[in-house]
Amino acid sequence: MIDISIKQASVVDQSCDLLVLHLFQGEKPLEGAGGAMDKELGGLISQLLKQDQFEGKLGEWFIFSTLGKAKAQKIAVIGLGDRTKFDLDAVRKIGAHIIRHGRDAKAKSVMTVLPGMGVVDFSTREVAEALAEGLRLGAYRFHAYKGKSFQEKEKLDVKQVIVCERERGKIAPAERGLVEARILADATILARDLVNTPSMEMTPKKLAEVAQSLAKRGSGISIKILDAAKMEKLGMRAALAVGKGSQHAPVGMHLIYRPKGKIKKKIAVIGKAVTFDSGGLSLKPADGMMTMKCDMAGAAAVIGLFQALPDLAPNVEVHGIFLAVENMPSGTAYRPGDVVKAMNGTMIEVLNTDAEGRVTLADALSYAATLKPDVMIDLATLTGACVVALGEDISGLMSNDRKLAERLLLAAKQSGEGLWELPLFEPYQELIKSKVGDIKNIGGRSAGAITAGLFLSHFVNKIPWAHLDIAGPAYIEKETRPDVPYGGSGSGVRLLARYLQGF
Ligand code: BES
Ligand code: ZN
Ligand code: ZN
């Protein structure tokens, strides 16, 4: 765990392993802290940067040893990119670059300043928050299953980051930013850990236990456990059918957060919680199964969010719901051709047991709708089709409510998560009409993400609802952002937090 703090000081006379200075693209000479340090070293930094043809592109890195000429053992300059394109997401990326390069440089203590201050319209609090978020999320590694040699290496990781700020008035707001970053990053990291933990351990029971552990006394969070017997009683035959092939019994969870003050809205967040998706009898090919421990990432986001809610304390009542199951092939598994009745009475014809997420969500959404929330939002690693359409960096958004969609798009922009809207195109309902039951769980090759969304729309009882298909971003196989390392990404956690803070 890195210790991040703010200190009222000039970077020039501070000792540390590594001092990181900042430079906008194409801008010379160094200004502010960088300028002061350069002057102290008799123009050495600017000479070195010139020699290296340093351009200042976002994340560009130049590092050198000071050989005792400064109190910092090493000094690095990081590029801030184009000044006109600079925003909080750039700050977040810079935080992540600093921590990752700092680790490579074996620097245990790092010192830097708030990037781009005085340039952007953002407040000190926001800049400090984005920087710290980037530092924490960029530092993340899942090491629970690593051996001894890794632990030795880890001892050289960055342990401390001190942000120097000379203006006294900026210290308090910066500190508030650091606190908020900690809450959001920890919540995201919890979701990442849950996704990264192999399915052999992260069973439905285990997932429910983690959720249960959040309901501590005084936290404002309470829970209802929906075990298999309770699910049966509620008529959740669809979700139960998906779990039938597994040795692990299904278990559902209903988390409730009630704010201390006035309640502005009642919002339900529902997560897909398939702890492993083998495809069931419609078995996936080996390659398609390799990352399917990630198929509970929707629920992981809900759990992460709930960890943060008591600290964030938004003025909304939040209901978090997931029905955890494992999708396995066996003699007791549900079959293609089976017809199951969901909690709201809809008859679902299962034609492919690998389209199981929507079958479990049918009951989770039906249940959520009975709570009569003002808004329902589900997060699900639902379709490969959405990954084909939008890639690993962008989640799909589908909604029956314009205002809700706009709010979520804004929240995603603020949290630095990719989100793009796809239409819930009503004429495509034809594609999922069933000859045997009411609807079938597959709609053919085209518009796979949309037909999945349309399937879900049958269970929301006309309540304003949004569906986030996070199949791409939930698990990162090819890194494109320094703050989102390989594996579970915790996508959705900060987006939801931002959305709830908007009330
Ligand atoms: N869990 C998968 C979707 C998925 C794919 C998530 C890739 C993350 C990465 C889902 O249950 C699934 O298997 N969907 C099928 C649906 C098809 C059978 C209609 C798919 O997308 O191929
Ligand atoms: Zn599947
Ligand atoms: Zn799945």
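A residue counts as buried when its relative accessible area is under 20%, and in this predicted model that cut-off places S489 among the buried residues, because its relative accessibility is 6%. S489 is found in the loop between β19 (487-488) and α16. When its neighbours within four places in sequence are left aside, S489 is in contact with T188, R192, P473, A474, I476 and V484. One of these partners, R192, lies 297 residues away from S489 in sequence, although the two C-alpha atoms are 5.4 Å apart in space.

The helix that follows this loop, α16, is itself largely enclosed by the rest of the structure, because eight of its nine residues are buried. The buried residues of α16 are V493, R494, L495, L496, A497, R498, Y499 and L500. Two packed helices are described by the angle between their axes and the distance between the axes. For helix α6 (residues 171-196) and helix α16 (residues 493-501), the axes come within 9 Å and cross at roughly 135 degrees, which means that α6 is oblique to α16. The contact between the two helices is made by E180, L184, A187, T188 and A191 in α6, which meet V493, R494, A497, R498 and Q501 in α16. Sorted by class, the residues of this contact comprise five that are nonpolar, two that are polar and three that are charged.

Beyond the C-terminal end of α6, T203 has its place in the loop between α6 and α7 (204-212). With a relative accessibility of 11%, T203 counts as buried, and, residues up to four places away in sequence not being counted, T203 touches H248 and T275. The C-alpha atoms of T203 and V274 are separated by 9.0 Å, while the two residues stand 71 residues apart along the chain.

The nonpolar interior was examined next. The largest nonpolar core has 60 residues, and of these L207, F306 and Y499 touch the most other members. Helix α11 (residues 297-312) gives the most to this core, with eleven residues. For F306, the contacts that remain once its neighbours within four places in sequence are set aside are L214, I221, L255, I256, Y257, V269, V318, H319 and G320. A second core, separate from the largest one, is made of 48 residues, and A238, I270, L382 and L422 are among them.

Helix α1 (residues 32-40) shows how burial can be distributed around a helix. In α1, the residues G34, G35, M37 and D38 are buried, and because they cover an arc of only 165 degrees around the axis, they lie on the same side of α1. On the other side of α1, G32, K39 and E40 are exposed. An α-helix has 3.6 residues a turn, so residues three or four places apart point the same way. The buried residues of α1 pack against three elements, namely β2 (16-24), α2 (44-51) and β4 (72-81). The helix α1 is followed by G42, which has a positive phi, near 65 degrees. In the loop between β2 and α1 lies P29, and the peptide bond that leads from K28 to P29 is cis, with omega near 0 degrees.

Positive phi values are also found in residues other than glycine, including Q53, for which phi is near 55 degrees. Q53 has its place in the loop between α2 and β3 (61-65), where its relative accessibility of 65% makes Q53 count as exposed. Another such residue is A313, with phi near 45 degrees, which is found in the loop between α11 and β10 (316-327). A313 is partly exposed, its relative accessible area being 42%.

A further loop residue, S282, is situated between β9 (265-277) and α10 (286-289). S282 counts as buried because its relative accessibility is 18%, a value that falls under the cut-off of 20%. Apart from residues up to four places away in sequence, S282 touches P336, N352, T353 and D354.

Methods: Residues are numbered from 1 along each chain as its sequence is written. Chains are lettered from A and ligands numbered from 1 in the order in which they are written. This is a predicted model: local features need pLDDT of at least 70, side-chain atom pairs count only at pLDDT 80 or more; totals for chains, interfaces and linings use all residues. Side-chain values use heavy atoms; hydrogens and water are left out. Buried means under 20% relative accessible area, exposed over 50%, partly exposed in between (1.4 Å probe, protein chains only). Helices (H or I, at least four residues) and strands (E, at least two) are DSSP runs, numbered from the N terminus. The arc is that of the directions from the helix axis to the C-beta atoms. Contact means heavy atoms within 4.5 Å. Axes are lines fitted to C-alpha atoms, for helices over the stretch in contact, and angles run from 0 to 180 degrees between N-to-C directions. Angles under 35 degrees count as roughly parallel, over 145 as roughly antiparallel, 65 to 115 as roughly perpendicular and the rest as oblique. Ala, Val, Leu, Ile, Met, Phe, Trp, Tyr, Cys and Pro count as nonpolar, Asp, Glu, Lys and Arg as charged, and the others, Gly among them, as polar. A nonpolar core is a set of buried Ala, Val, Leu, Ile, Met, Phe, Trp, Tyr and Cys residues joined through side-chain atoms within 4.5 Å.
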